[in-house]
Amino acid sequence: MIPGLIAPGAESPLADLVAAPVDGLRVLGLDLSLTSTGVALPDGTTYRIKTRQKDGDHRLRVIRNDLREVLAQHRPHLAVVEDLPRHAKGAGITAKVHGIVVGELLDADVPYAYVVPATLKKYATDNGNADKRRMADAAYLAAGAEFPGDLNARGEGGDMCDAWWLRAAGHDALGAPLFDMPQAQRDRLLKVDWPTNLRQRYVMGAAS
């Protein structure tokens, strides 16, 4: 078996999906970057996968290996990934990370959904142009969440905060919200192409 992947014949992460209680849903949030990838684990813990610029494309291996361990240990039902914004500077570099990550998710049989930055910001703050500090403030107001060291003095960064909101979005989409929010903000997630089979199996199973 390739390290970090599900062994042949093992049950898919979806196998216990319908039977699991609502609060047993395991969602992984990923804000991808070649230099600092934000990760929100299914238990709500957040951290960053930091890499060194001097290592060039070898940084992709660091991200891949970390994600393999996460998938093997936590076996998420869903991964929610921040999508590349259109016409973003440096999108080609980040696209390399997306390719590596999607490959790992596919190998581990973990369904995934992409959320564009503007939709995530509208969901979190009702403002598609919200800056990083406002996203962090919204997380604190919603659930008392804090992300020490996530923002620098100029208010840049926010990788862990974004990953945290991506995880929260996945819970909302599958009918297991982590906290109260205005319905208008939740409705922003209707634009997202969530895995159809996953949504049907979980929502129907929770409702039955």
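Let's start with two helices that cross: H3, residues 117-125, and H5, residues 159-173, pack at an angle of about 80 degrees, with their axes 10 Å apart. That makes H3 roughly perpendicular to H5, since angles from 65 to 115 degrees fall in that class. Please keep in mind, everyone, that this is a predicted model.

So who touches whom at that crossing? From H3, the residues are Leu120, Tyr123 and Ala124. On the H5 side they meet Asp162, Trp165, Leu166, Ala168, Ala169 and Asp172. If you sort this contact by class, you get seven nonpolar residues, two charged ones and no polar ones.

Let's stay with H5 for a moment. How many of its residues are buried? The count is 15 of 15, so you can think of H5 as mostly covered, buried here being under 20% relative accessible area. As for its length, H5 reaches 21 Å from its first C-alpha to its last, close to the 21 Å expected at 1.5 Å a residue. And if you follow the chain just past the end of H5, you come to glycine 175, which takes a positive phi of about 75 degrees.

Now a single residue I'd like you to click on: valine 80, in strand E4, which covers residues 78-82. Is valine 80 buried or exposed? It is buried, with a relative accessible area of 0%. And what is it in contact with, once we leave aside neighbours within four places in sequence? There is a run of Val27, Leu28, Gly29 and Leu30, then Ala113 and Val115, then Leu166 and Gly170, and finally Trp194. You'll recognise Leu166 from the H5 side of our helix crossing. Tryptophan 194 is worth a look too: it sits 114 residues away from valine 80 along the chain, yet their C-alpha atoms are separated by 9.1 Å.

Let's zoom out to the whole chain. Its secondary structure comes to seven helices and five strands. Reading from the N terminus, the order is β-β-β-α-β-α-β-α-α-α-α-α, so the chain opens with three strands and closes with five helices in a row.

Contacts that span long stretches of sequence show up here as well. Among contacts between residues at least 6 apart in sequence, 66% join residues at least 24 apart. Of the 208 residues in the chain, 47% are buried. On the outside, the chain exposes about 10,700 Å², and carbon and sulfur atoms supply 50% of that.

That's my tour, thanks for listening!

How values were computed: Residues are numbered from 1 along each chain as its sequence is written. This is a predicted model: local features need pLDDT of at least 70, side-chain atom pairs count only at pLDDT 80 or more; totals for chains, interfaces and linings use all residues. Side-chain values use heavy atoms; hydrogens and water are left out. Axes are lines fitted to C-alpha atoms, for helices over the stretch in contact, and angles run from 0 to 180 degrees between N-to-C directions. Helices (H or I, at least four residues) and strands (E, at least two) are DSSP runs, numbered from the N terminus. Angles under 35 degrees count as roughly parallel, over 145 as roughly antiparallel, 65 to 115 as roughly perpendicular and the rest as oblique. Contact means heavy atoms within 4.5 Å. Ala, Val, Leu, Ile, Met, Phe, Trp, Tyr, Cys and Pro count as nonpolar, Asp, Glu, Lys and Arg as charged, and the others, Gly among them, as polar. The expected span of a helix is 1.5 Å times one less than its number of residues. Buried means under 20% relative accessible area, exposed over 50%, partly exposed in between (1.4 Å probe, protein chains only). Accessible areas come from the Shrake-Rupley method with a 1.4 Å probe; for residues, only the protein chains shown count as cover.
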